[in-house]
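Reader: Hi! Could you walk me through some charged pairs in this protein?
Author: Happy to, let's look at it together.

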Amino acid sequence: MNLLIKSATIIDPNSPFNQKITDVLIEKGIITQTGPDIEADAEVFDGEGKFIAPGFFDLNCNIGEPGLETKEDLYTGTRAAAAGGFTGIALMPNTNPPVHSKSEIEYLLNRSAKNLVDVFPLGAISHKREGKDLAEMYDMYLSGAKAFSDGNRPVQDAGLMERALLYAQGFDALVFSYPEDTAIAGKAKVNEGEISTLLGMKGIPSLAEELMIARDLYLAEYTGSKIHFSTISTTRSVELIREAKRKGMEVTCDVAIHHLVLTDEVLKGFDSLYKVKPPLRTQDDVDALLRGVMDGTIDAIVSQHTPHEVEFKDVEFEVAEFGMIGLQTAFSLALKAGLDINTIVQKLAIGPREILNIDIPVVAEGQPANLVVLDADAEWEYNKKNNRSKSYNSPFIGQNLKGKALLTFNNNHLYK
């Protein structure tokens with residue numbers, strides 16, 4: 001298809017038109033012309049006052065397929081992603097069966113072929129995500145896995161994590177660490193602090209996360225490996241990773257967008273829609289995370305999109321599942337957190353792809369069109385009618401938000 005975007009400001013540090021207002025002509029999926037006053041036989045989209053950026057990429061997305069399609073399938077998950085401006089997603093292996101062999105990797109890649117949204121399944125570190133034996137990491141890598149993670153299950157066995165880091169070195173793959181020491185976190189549901197005491201609930205101490213980050217940093221340093229930390233959430237976590245980067249270690253990390261805008265204060269009403277893991281922390285932690293985003297300690301922002309059927313969330317807080325959906329609200333929440341458009345593009349579009357070492361889209365002539373048109377001033381209500389996910393477990397449904405992806409284009413497919 002042919003598309004002409006008129007008078008939009010390009011936000012792309014790799015583009016020769018970065019920060020400039022221009023027209024962009026897309027023909028058969030390729031950017032064929034950029035410049036002022038372009039005329040062409042194409043569908044016209046008025047981009048005045050809007051931004052064009054490389055399509056977003058989510059490093060932490062949960063889709064139920066295979067096995068848990070009642071939560072989310074590839075069709076609904078990629079539609080929610082496209083609606084939020086994402087043209088690429090990394091799928092966590094939290095499925096049934098887990099993504100722990102080349103069969104699941106190949107299944108997901110074949111099922112998502114020719115989609116607007118590029119799908120990158122992450123392979124499990126351990127067989128069945130049980131934390132006992134290494135999974136078939138090299139086979140999965142050959143089949144298309146770009147990195148490895150046990151998803152929302154931390155690798156408790158230090159020896160297993162050491163072996164995973166060493167083994168992945170052989171084919172230059174990246175290992176994700178979900179940092180939580182379960183012996184310290186226990187079965188608690190919220191952050192340990194004043195709010196947990198007020199609610200009369202056991203808390204998860206920040207130490208549970210920080211201890212695991214310290215352990216895995218030591219392991220990465222000892223083995224000479226690169227490592228990525230998923231969804232960090234505390235002040236000390238930021239400090240540990242900042243110091244590791246100063247030492248020259250190959251370490252990266254990301255933060256979930258809801259940890260940049262929400263604190264555990266919202267839990268006073270026992271609303272299970274705010275029950276996430278890592279748990280919502282304090283305002284001091286939020287401030288430290290934002291500083292980490294701005295100074296480059298935190299390399300990417302993720303949605304941590306985690307869909308659940310209503311029966312898993314519309315229950316007592318204590319028994320509700322962890323997680324919220326977040327693909328369609330990520331851009332709005334990034335603006336709400338006070339981030340500027342350049343930082344948002346870096347952390348949602350460029351940084352995630354740098355971490356996975358995959359091609360970064362560029363808004364320039366001759367390049368494949370992989371982009372999103374953003375309106376930072378658009379005010380809209382997020383509701384069940386315009387929610388594209390199969391699930392509805394978001395506390396932001398029914399709220400008015402500011403900032404929206406108006407158009408998403410990739411693989412010669414358009415979503416608007």
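**Salt bridges**

Author: Let's start with Asp216, which forms a salt bridge with Arg215; their closest N and O atoms are 2.8 Å apart. A salt bridge here is a side-chain nitrogen of Lys or Arg within 4 Å of a carboxyl oxygen of Asp or Glu. This is a predicted model, where local features need pLDDT of at least 70 and side-chain atom pairs count only at pLDDT 80 or more, while totals for chains, interfaces and linings use all residues. Residues are numbered from 1 along each chain as its sequence is written, and side-chain values use heavy atoms, leaving out hydrogens and water.

Reader: Are Asp216 and Arg215 buried or exposed?
Author: Both Asp216 and Arg215 are buried. Buried means under 20% relative accessible area, exposed over 50%, and partly exposed in between (1.4 Å probe, protein chains only).

Reader: Cool! How many salt bridges does the structure hold?
Author: There are 15 salt bridges in the structure.

Reader: And what does Asp23 pair with?
Author: Asp23 meets Lys6 in a salt bridge, 2.9 Å from N to O. Asp23 lies in strand β2 (residues 21–27) and Lys6 in strand β1 (residues 2–10), so the pair ties together parts 17 residues apart in sequence. Strands (E, at least two residues) and helices (H or I, at least four) are DSSP runs, numbered from the N terminus. Asp23 counts as buried, at 3% relative accessibility, and Lys6 is buried too, at 18%.

Reader: Switching over, which residue does Lys390 meet?
Author: Lys390 meets Asp73 in a salt bridge, 2.8 Å from N to O. The two are 317 residues apart, with Asp73 in the loop between β6 (56–61) and α1 (74–83) and Lys390 in the loop between β16 (371–382) and β17 (399–410).
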